[in-house]
Amino acid sequence: MIPKGRLLIIGGKEDRDDNDIEMEGKNNDFSPHEILKLLVKSKDDRIEVITTATSEPESMRKTYEETFSDIGYTNFDFLDFCDDQIHIDYQVKRISAAKAVFFTGGDQERICEALEQSVIKKVLMEKYLNEEDFTIAGTSAGAMCMPKIVIVEAENGEAMLENDIELDSGLGFIDNCIVDTHFVHRARFGRLAHAIILHQEYWGIGLGEDTALMIEEGSKATCRGSGMVWILDAENIGKTNIKTVKKGCPIYAENLKVHILTENCQFDLKDGIFKGNKEEAS
């Protein structure tokens, strides 16, 4: 089934009131609040901000209240699924009425654990599959938890070592990708490469800061923002020791393929076609 909704996965540190964006003033394509303006098509549409991933929900709430008000959004509020004082029926009612649900950053494991067996996850999936223009968005940890498989923990060392990465089940809104965030700034190429060498049928999506992929129809991805998105492809890997390497020893791989997307470049996550900048192409 082709989803009618959209996924917006953000690499973290998107342009908002509390962030200084490295590419502002350097990249001619920089646009203030560009990514967060994609959440809804009308500024009166309902946005629910999920702060479950963070240990400081009040601080996160203040940041997005200011940013969303600056953008001109008039209909947004905040939920924390870890809050036992909030009744599940109330949460479902709120989510059901939303046009966009936005997961903030923090710890991706907190999101996955909170929603693993929750009716909220089912409501989100039903809306994503069946509701036109409904958007599920996430930044940093909120983006990493979107696929079927999530990186829970990994080392950023000089080598990929056996047993230095931990993967777990994600929310499953997209099933053929593994997502990593703050990809360039935190030098996470090795850990994402490690993840897809273990799962060679998956795309690795490395999202730069203030950069996002808008995924429509379940597979048609467009890059937005001031940085880069890296797509790692392990499908045609040749020689690798991933199945025989001993614990603590380095992993190698031949013929790992990489695509780099910038503003308005497109990539089809179903057939692997790279379309470049759609505006330049037209």
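Nine strands make up an open sheet in this predicted model, with mixed pairing and the order β3-β2-β4-β5-β1-β10-β11-β14-β15. The edges go to β3 (76–79) and β15 (274–277), each with a single partner strand, so one side of each has no neighbour in the sheet. From one strand to the next, the twist averages 20 degrees. Two spots are worth a look here: the β3 edge, and the loop that holds D210.

**The β3 edge**

- Strand β2 (residues 47–50) pairs with β3 in the parallel sense, and four bridges join them.
- Look at V49 for one of the bridge partners: its mate in β3 is F78.
- Helix α2 (residues 88–96) lies across β2, β3 and β4 (100–103).
- Relative to β3, helix α2 runs at about 145 degrees.

**D210 and its surroundings**

- You'll find D210 in the loop between β9 (203–207) and β10 (211–216); β10 itself sits between β1 and β11 in the sheet order.
- D210 is buried, yet it has no salt bridge.
- How far away is the nearest side chain of opposite charge? That's R16, at 9.6 Å, and a salt bridge would need the charged atoms within 4 Å.
- What D210 does have is a side-chain polar contact with the side chain of S226, at 2.6 Å.
- Leaving out residues up to four places away in sequence, D210 touches a run of neighbours that includes G12, K13, E14 and D15.
- Also among the residues touched by D210 are I21, F30 and I35, along with R224, G225, S226 and G227.
- S226 therefore turns up twice for D210, as a polar partner and in the list of touching residues.

Terms used
Residues are numbered from 1 along each chain as its sequence is written. This is a predicted model: local features need pLDDT of at least 70, side-chain atom pairs count only at pLDDT 80 or more; totals for chains, interfaces and linings use all residues. Side-chain values use heavy atoms; hydrogens and water are left out. Buried means under 20% relative accessible area, exposed over 50%, partly exposed in between (1.4 Å probe, protein chains only). Lys and Arg count as positive and Asp and Glu as negative; His and the chain ends are not counted. A polar contact is a pair of N or O atoms within 3.5 Å; within protein, one must be able to donate a hydrogen and the other to accept it, and residues adjacent in sequence count only if both atoms are side-chain atoms. Contact means heavy atoms within 4.5 Å. Two strands pair if DSSP finds at least two bridges between them. Axes are lines fitted to C-alpha atoms, for helices over the stretch in contact, and angles run from 0 to 180 degrees between N-to-C directions.
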